[in-house]
Amino acid sequence: GGKTAVNLTQAKNLMGCFYSAKLVIIDPRVLKTLTDKDFLNGLVEIIKIGLVSNKKIWESVQKNYHKILRRNNFYLEKLISEAIKEKVEITNLDPFDRGVRKILNFGHTFGHALETYKNYQRISHGEAVSLGMLVALKLSGDLKLAPNDLLYEVKDIFIEIGLPTQIKHLNLREIWKIMSLDKKVKDRRINFVLLKDIGRPILKAVDEKSFYKAAQIIL
């Protein structure tokens, strides 16, 4: 997508620029060399694309997670290709992240803050974002944007494939402070990407109290 950035102690991706790649090469066979943890990190991004933009991708993950976990090369090639097409379409519409591309931040507002809180250790990017997606889905339900069934549908798949759904020893006030440094903050409310349904994202300003309530889902 062309985003390049560095992580600082205050927040993740705090400084950076846009620099589009001249070429991207992907060989799905390389996935067989990864640890389960690193493999799932990549899968989280595919799940995210499905949830915010393409219901068919999400449904494919739901129906075929056994093939994914077995790292079936034929299936993964097709799944990765579909996810890439979706992301390219979004980033081409908004290369500098000023509009529609913001939907790709689903799960990342909280996820990035969690990575910073953990000093970029002990939790991977994918694990942090998966927890962030659950918080965003709980917010979506609490704010009457989406049915709570959607939250538990996603949570069930996370459990099946081995992604975390809970985290211990988390100081939510510190997380809020870190998120407050994010570029998505306005009027002491933080913009989250929430869902009305699969493929129907919405950017919504959330207050501190609502965040604390929703975050209980992962504690």
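Start with the whole chain in view: this predicted model has 219 residues, and its radius of gyration is 17 Å, which agrees with the value near 17 Å for a compact globule of that length. Turn the protein along its principal axes, and its C-alpha atoms fill a box of roughly 45 × 40 × 30 Å.

Next, switch to a cartoon and colour by secondary structure. You should find eight helices and five strands. Walking from the N terminus, the order is β-β-α-α-α-α-α-α-α-β-β-β-α.

Now show the surface. About 12000 Å² is exposed, and carbon and sulfur atoms supply 52% of that area. Buried residues make up 47% of the 219 residues. Select the charged side chains while you are here: there are 37 positive and 24 negative ones, and the centres of the two sets lie 2 Å apart.

How do contacts link up the sequence? Of those between residues at least 6 apart in sequence, 66% join residues at least 24 apart.

For a closer stop, select residues 189-197, which are strand 4, together with residues 200-206, which are strand 5. The two strands run antiparallel, joined by seven bridges. Look across from L195 and you will meet P201 in strand 5. Side chains in a regular strand alternate between the two faces of the sheet.

Finally, zoom in on the turn. What do strand 4 and strand 5 form? They make a hairpin with two residues between them. Click on G199 in that turn: its phi is positive, at about 80°.

Technical notes. Residues numbered from 1 in each chain as written. Predicted model: local features only at pLDDT ≥ 70, side-chain atom pairs only at ≥ 80, totals over all residues. Heavy atoms only, no water. Helix = DSSP H or I, 4+ residues; strand = E, 2+ residues; numbered from the N terminus. Rg over C-alpha atoms; globule rule 2.2 N^0.38 Å. Buried < 20%, exposed > 50% of the residue type's maximum accessible area, 1.4 Å probe, protein only. Contact = heavy atoms within 4.5 Å. Areas by Shrake-Rupley, 256 points an atom, 1.4 Å probe, with all protein chains shown as cover. Lys, Arg positive; Asp, Glu negative; His and termini not counted. Charge placed at Lys NZ, Arg CZ, Asp CG, Glu CD. Pairing = 2+ DSSP bridges.
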